[in-house]
Amino acid sequence: MCQVQQGDGDAFATLFDRHHRLVLTIALRILHDAGEAQEVTQNIFFEVYRSKGRFDARRGTLKVWLLQFAYHRSINRRNYLTLRQFYNRPDLEEVVEWEANSHNTPRMPVPELKQLVEELLATLNECQRRTIQRVIFEGLTLREVAEQTGESYSSVRNNYYRGLHHLRACFVAQPERVRREGVLGLGEVSRGSA
């Protein structure tokens, strides 16, 4: 570590080779995710190099100093990930399996689905229909729609969310047969108020 403090890059490479597995193991045990543990390990060694002047051999060994870095940075990262619901996300395989086993999604032939969408959109006023079509079918953002139409952003946003609310209301007011059988026939679109 004294050589690293003097700026010897080869000494730092040796230090990394000797201790990176230990730091990675600590990070992995705390984070339970290999990608996050590798990232934390890399960040720890960057921080060790930046703060190499703070190491004092009289206060403890290099190994203990590295373990403190590994422990505290890993705990901080775990807390950060926990706050952002990282550990609560479903596994991709679970989602694919659920989707494959899910029989709740009604299957409609494409022509009927197209006609249904057209009927639903026809229940909206012109501004709401135009905004929803551009956002959903053309992939524009609300700001891009506002720029293209010359309307204010708040007006476009209002049209979009009121239109979505109206479309949801049309689906909520479906007949009992739709809820029971999961089939939406043509002409069964509620004409709720916009």
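## Exercises on a helical model

Helix α2 is followed by His32, whose phi is positive, near 60°. Helices here are DSSP runs (H or I, at least four residues), numbered from the N terminus.

The model is predicted: local features need pLDDT of at least 70, side-chain atom pairs count only at pLDDT 80 or more, and totals for chains, interfaces and linings use all residues. Residues are numbered from 1 along each chain as its sequence is written, and side-chain values use heavy atoms, with hydrogens and water left out.

**Exercise 1.** Find where helix α2 bends, and list its buried residues.

*Solution.*
- Step 1: take the bend at a residue as the angle between axes fitted to the seven residues ending there and the seven starting there.
- Step 2: α2 spans residues 9–31 and bends by about 50° at His19.
- Step 3: apply the burial cut-off (under 20% relative accessible area, 1.4 Å probe, protein chains only; exposed is over 50%, partly exposed in between).
- Step 4: Ala11, Phe12, Leu15, His19, Val23, Ala27, Ile30 and Leu31 of α2 are buried.
- Step 5: their cover includes α1 (2–5), α3 (34–50) and α4. Contact means heavy atoms within 4.5 Å.

**Exercise 2.** Classify the crossing of α6 and α7, then break down the contact.

*Solution.*
- Step 1: fit axes as lines to C-alpha atoms over the stretch in contact, with angles from 0 to 180 degrees between N-to-C directions.
- Step 2: the axes of α6 (residues 110–122) and α7 (residues 126–137) come within 10 Å and cross at roughly 140°.
- Step 3: α6 is therefore oblique to α7. Under 35 degrees is roughly parallel, over 145 roughly antiparallel, 65 to 115 roughly perpendicular, and the rest oblique.
- Step 4: α6 contributes Val117, Leu121 and Ala122, while α7 contributes Arg129, Ile132, Gln133 and Phe137.
- Step 5: the residues of this contact divide into 5 nonpolar, 1 polar and 1 charged. Ala, Val, Leu, Ile, Met, Phe, Trp, Tyr, Cys and Pro count as nonpolar; Asp, Glu, Lys and Arg as charged; the others, Gly among them, as polar.

**Exercise 3.** Is Thr123 buried or exposed?

*Solution.*
- Step 1: locate Thr123 in the loop between α6 and α7.
- Step 2: Thr123 has 15% relative accessibility, so Thr123 counts as buried.
- Step 3: a polar atom of its side chain lies 2.5 Å from the backbone oxygen of Leu120.

**Exercise 4.** Place Asn159 and name its contacts.

*Solution.*
- Step 1: Asn159 sits in helix α9 (residues 153–172).
- Step 2: Asn159 is buried because its relative accessibility is 11%.
- Step 3: leaving out residues up to four places away in sequence, Asn159 touches Cys127, Gln128, Thr131 and Glu151.

Key:
Helix = DSSP H or I, 4+ residues; strand = E, 2+ residues; numbered from the N terminus. Polar contact = N/O pair within 3.5 Å; in protein donor to acceptor, adjacent residues only side chain to side chain.
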